[in-house]
Amino acid sequence: MNNADLIQRDLAAIWHPCSQMKDHEWLPMTPIKRGEGVWLEDFDGNRYIDAISSWWVNIFGHANPRINAALREQMESLEHVILSGFTHQAAIELAERLIKLTPAGLNRCFYSDNGSSAVEVALKMSFHYWHNSGQHKKQRFINLSNSYHGETLGALAMGDVALYKETYGALLLEPITVPSPDSFYRDAGESEEAYSRRMFVYMEQTLEQHADQVCAVIVEPLIQCAGNMRMYHPVYLELLREACDRHNVHLIADEVAVGFGRSGTLFACEQANITPDFMCLSKGLTGGYLPLSVTMTTDNIYEAFYDDYDTLKAFLHSHSYTGNALACRAALATLDIFEQDNVIENNRALASYMKQATAHFTDHPHVAEVRQTGMVLAIEMVEDKVTRKPYPWQERRGLTVYRHALKHQVLLRPLGNVTYFMPPYVINTDEIDLITEVAWQGIQLACE
Ligand code: PMP
């Protein structure tokens, strides 16, 4: 079996995610045979560093021996069981451990099986909480511009990336969108903190005006990942928590992408020292092994649903694979690694190495900004460095970086004009040097 055979069979049968399939007339698909650590290997023997953690899910490398062993053991006893009326050890242990690890007060775990579903659950629970509490006017949500929360209709509606959303406008809920505190737009000489404080005024005004109709504010804490890895200061979350309390509105923290160490702390909310009313987790939850997500919430919210059956207050949402035993076991093995390996501290050293390694990108004539939050580092290309005029999206300059990187052993997958590193935490400094060098060359080519 080689790449060519598999590509041919693939293209005859599979419709791939987030892809214009016609591109594959000239853009080769890459069939992967095996993975080990940060490395992927195709059927022709080419190797690639997975510098984007396979869509931000992998944290401890491919074919991780510790997660493999845990899964083998789980598989021998229970692969899956219905989680309504039944339960199992892995789901219980995982919920107990997540309650201990997440910000104080998140005492209830509702499982589902992908990030979008975790967001849908938070939206429905928030709406339903106000409904059960007799506040029937609360039916809307506030989001930030440039946000992303997934692709199912409810989650898509809460996002603000036109590329994914615009076509489906007629089908979507309409949130009240507040300008993002995205630090890219701060004035020259203005600190990120000052800018986040300044931008919070719009949120405060919106809450003042609409709080009686609003269920919740939904945000991606610290990094708007799919929105080109734009970042903001933790003070925004601090101000938001206080304002949501004052206006009697829930706060939904979508940590699907930033949870489990990506932001530099185990959860991004820790950097603002806040507890949201809902926290959505997925991706790194299982170390990148299996689909699982969890919507965590407070006792207060749980209790608004807890009543006699005939009051019809129960949350009747379900997914067939809720709390899958194998996925929960992979998540437990992932948490074991966090516990045993001093991951957050090691990541601090890796993050600072990435920063040093890419310092020279700032001087590139077509790089507007190199920004970083923890284990996410982003390099933004622009047509004009002074005005920050972006390259037109139709030119697909990021694709040049992607194609160059694949030829040189690295999987980078720029978002528009933004090349980013979001590697598994088991990457070493030589591998960081390689992805940096390849990104530099790719950006040079793309800016020609
Ligand atoms: N929320 C955020 C912040 C995300 O980045 C993503 C996925 N990129 C999602 C939700 C959706 O998760 P999933 O793709 O598992 O549905």
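Domain bounds here come from an automatic or database domain assignment, and on that basis the chain of this predicted model is divided into domain 1 (31–63 + 342–446) and domain 2 (68–340). The C-alpha centres of domain 1 and domain 2 lie 26 Å apart, and the contact between them takes 31 residues from domain 1 and 28 residues from domain 2.

The largest nonpolar core comprises 136 residues, of which Trp-56, Leu-94, Met-203, Val-217, Met-229 and Phe-260 touch the most other members. Helix α11 (residues 325–341) gives the most to this core, contributing 10 residues. Because domain 1 (31–63 + 342–446) and domain 2 (68–340) both give residues to the core, it lies between them. In soluble globular proteins, nonpolar side chains tend to be buried together. The surroundings of Phe-260 illustrate the packing in this region: leaving aside residues up to four places away in sequence, Phe-260 touches Ile-59, Leu-98, Leu-266, Phe-267, Leu-281, Ser-282, Gly-284, Leu-285, Leu-335, Phe-338 and Tyr-425. Several of these contacts recur among the aromatic rings, where ring pairs link Phe-60, Phe-260, Phe-267, Phe-338 and Tyr-425 into a cluster.

The count of aromatic pairs comes to 15. Among them, Phe-200 and Tyr-236 form an edge-to-face pair, with 5.2 Å from centre to centre and 75° between the planes. This pair links distant parts of the chain, given that Phe-200 belongs to helix α8 (residues 192–210) and Tyr-236 to helix α9 (residues 235–247), 36 residues apart. Phe-200 counts as buried at 6% relative accessibility, and Tyr-236 is likewise buried, with a relative accessible area of 0%. For Tyr-302 and Tyr-306, the ring centres are 5.7 Å apart and the planes stand at 40°, so that pair is tilted. Here Tyr-302 counts as partly exposed at 30% relative accessibility, whereas Tyr-306, at 60%, counts as exposed. Charged side chains also meet aromatic rings in the model: the charged end of Lys-138 sits over the ring of Trp-130, 4.5 Å from its centre, and the charged end of Arg-388 sits over the ring of Phe-184, 4.1 Å from the centre of that ring.

Among the strands, β12 (residues 293–298) is mostly covered, six of its six residues being buried. In a regular strand the side chains alternate between the two faces of the sheet. Both faces of β12 are covered, with Ser-293, Thr-295 and Thr-297 buried on one side and Val-294, Met-296 and Thr-298 buried on the other. Strand β4 (residues 106–112) pairs with β12 in the antiparallel sense over six bridges, and within this pairing Ser-112 has Ser-293 of β12 as its bridge partner. Strand β11 (residues 278–281) also pairs with β12 in the antiparallel sense, over four bridges. Two of the residue pairings can be named for this second contact, in which Leu-281 is partnered by Val-294 of β12 and Cys-280 by Thr-295 of β12.

Strand β11 is itself covered on both sides, since Phe-278 and Cys-280 point one way and Met-279 and Leu-281 the other way, and all are buried. Apart from its pairing with β12, strand β11 is joined by three bridges to strand β10 (residues 250–254), and these two strands run parallel. In this parallel pairing, the bridge partner of Ala-253 in β11 is Met-279. Leu-281 of β11 connects this description to that of the core, being one of the residues that Phe-260 touches.

A separate description applies to the open sheet formed by four strands in the order β1-β2-β3-β15, in which the pairing is mixed. Strands β1 (32–36) and β15 (410–411) stand at the edges, each with a single partner strand, so one side of each is left without a neighbour in the sheet. The partner of β1 is strand β2 (residues 39–42), with which β1 pairs in the antiparallel sense over four bridges. Within that pairing, Ile-32 has Asp-42 of β2 as its bridge partner.

Definitions and conventions. Residues are numbered from 1 along each chain as its sequence is written. This is a predicted model: local features need pLDDT of at least 70, side-chain atom pairs count only at pLDDT 80 or more; totals for chains, interfaces and linings use all residues. Side-chain values use heavy atoms; hydrogens and water are left out. A nonpolar core is a set of buried Ala, Val, Leu, Ile, Met, Phe, Trp, Tyr and Cys residues joined through side-chain atoms within 4.5 Å. Buried means under 20% relative accessible area, exposed over 50%, partly exposed in between (1.4 Å probe, protein chains only). Contact means heavy atoms within 4.5 Å. Rings of Phe, Tyr and Trp (its six-membered ring) pair if their centres lie within 6.5 Å; planes under 30 degrees apart count as stacked, over 60 as edge-to-face and the rest as tilted. A charge sits over a ring if NZ of Lys or CZ of Arg is within 6 Å of the ring centre and within 35 degrees of the ring normal. Two strands pair if DSSP finds at least two bridges between them.
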